[in-house]
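Me: I would like to go through this model by question and answer. Please keep each reply short and end it on the item asked for.

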Amino acid sequence: LMPVCAACALLLLLVALRFSPFAGNRAPVEVALYSMRGPAGEAHAPADRPLLLRPDLGGLTSAARYDLEVVDSNGARVWSGTAITEGESATVAAPALRKGVYFVRISLGGELLREYSLTLDPGR
């Protein structure tokens, strides 16, 4: 009886891990970022999912790459990377972040050029 119970427990554990909201290999979520004032400029995405950030770069000084950082609502950096341009936009892969309000900052040579608002919602 003990081997049957052990096999059932292992099977339950594997099923729980497979369908866990924290399971790896989750597809990234594309997030279009636009710099606008007010609630219309807020981007929303689900929390705890990898992100593909697509910031609008229209009107910025032309460059092949920009520095990109994600900060929390207190201004503390939670992630940074490089945005490689594709015309007036870029695509940047960012890791999964917890629910909350974040700001995505684009800079060039240490000069802040633009900031986007990003809200990550639970259970979306």
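Reply: One definition is needed before the strands are discussed: two strands pair if DSSP finds at least two bridges between them. The model is a predicted one.

Me: In which sense do β4 and β5 pair, and which residue of β5 is the bridge partner of Leu68?
Reply: Strand β4 covers residues 65–72 and strand β5 covers residues 77–86. The two pair in the antiparallel sense over 7 bridges. In β5, the bridge partner of Leu68 is Gly81.

Me: How many helices and strands does the protein chain have, and what pattern do they follow along the sequence?
Reply: The protein chain contains 1 helix and 9 strands. Read along the sequence, the pattern is α-β-β-β-β-β-β-β-β-β.

Me: What is the strand order of the open sheet, and which strands are at its edges?
Reply: The open sheet has 6 strands with mixed pairing, in the order β2-β9-β8-β4-β5-β6. An edge strand pairs on one side only, and this holds for β2 (43–46) and β6 (89–90). The edges are therefore β2 and β6, by the bridge rule that two strands pair if DSSP finds at least two bridges between them.

Me: In which sense does β9 pair with β2 and with β8?
Reply: β2 and β9 pair over 4 bridges in the parallel sense. Between β8 and β9 there are 9 bridges, and these strands run antiparallel. For β9, the answer is parallel with β2 and antiparallel with β8.

Me: Which residue in the hairpin of β8 and β9 takes a positive phi?
Reply: Leu108 stands opposite Glu111 in β9. The hairpin has 2 residues between the strands. The residue with a positive phi, near 60°, is Gly109.

Me: Which residue in the loop between β2 and β3 has a positive phi although it is not a glycine?
Reply: Most residues other than glycine have a negative phi. In the loop between β2 and β3, a residue that is not a glycine has a positive phi of about 60°. At 33% relative accessibility it counts as partly exposed. The residue is Asp48.

Me: Is Arg114 buried or exposed, and which backbone oxygen does its side chain reach?
Reply: Arg114 is found in strand β9, residues 111–121. Its relative accessible area is 17%, and the cut-off for buried is under 20%, so Arg114 is buried. Beyond four places in sequence, the residues it touches include Ser35, Asp56, Gly58 and Val104. At 2.9 Å, its side chain reaches the backbone oxygen of Gly58.

Me: How far apart in space are Arg114 and Ser35, C-alpha to C-alpha?
Reply: Arg114 touches Ser35. In sequence the two are 79 residues apart. In space, C-alpha to C-alpha, the distance is 7.2 Å.

Me: Which side chain makes a polar contact with that of Asp121?
Reply: Asp121 is also found in strand β9, and at 18% relative accessibility it counts as buried. Pro46 stands opposite Asp121. The contacts of Asp121 beyond four places in sequence are His44, Ala45, Pro46 and Ala47. The polar contact between side chains, at 3.0 Å, is with His44.

Me: Which residues of the largest nonpolar core touch the most other members?
Reply: In soluble globular proteins, nonpolar side chains tend to be buried together. The largest nonpolar core here has 26 residues, and the strands that each supply at least two of them include β1 (29–33), β3 (51–55), β7 (92–94) and β8 (100–108). Leu118 is in contact with Val31, Leu51 and Leu53, among others. The members that touch the most others are Val31, Leu51, Leu53, Leu68 and Leu118.

Me: Why is Cys5 not bonded to the closest cysteine sulfur?
Reply: Cys5 is partly exposed, with a relative accessible area of 46%, and Cys8 is partly exposed at 43%. A disulfide needs sulfur atoms within 2.5 Å. The closest cysteine sulfur, in Cys8, is too far for a bond, because the distance is 6.6 Å.

Me: What share of the contacts with a separation of 6 or more joins residues 24 or more positions apart?
Reply: The protein chain has 124 residues, of which 31% count as buried. Its accessible surface is about 7,900 Å², with 57% belonging to carbon and sulfur atoms. For contacts with a separation of 6 or more, the share from residues 24 or more positions apart is 54%.

Terms used: Residues are numbered from 1 along each chain as its sequence is written. This is a predicted model: local features need pLDDT of at least 70, side-chain atom pairs count only at pLDDT 80 or more; totals for chains, interfaces and linings use all residues. Side-chain values use heavy atoms; hydrogens and water are left out. Buried means under 20% relative accessible area, exposed over 50%, partly exposed in between (1.4 Å probe, protein chains only). Contact means heavy atoms within 4.5 Å. A polar contact is a pair of N or O atoms within 3.5 Å; within protein, one must be able to donate a hydrogen and the other to accept it, and residues adjacent in sequence count only if both atoms are side-chain atoms. Accessible areas come from the Shrake-Rupley method with a 1.4 Å probe; for residues, only the protein chains shown count as cover. A nonpolar core is a set of buried Ala, Val, Leu, Ile, Met, Phe, Trp, Tyr and Cys residues joined through side-chain atoms within 4.5 Å.
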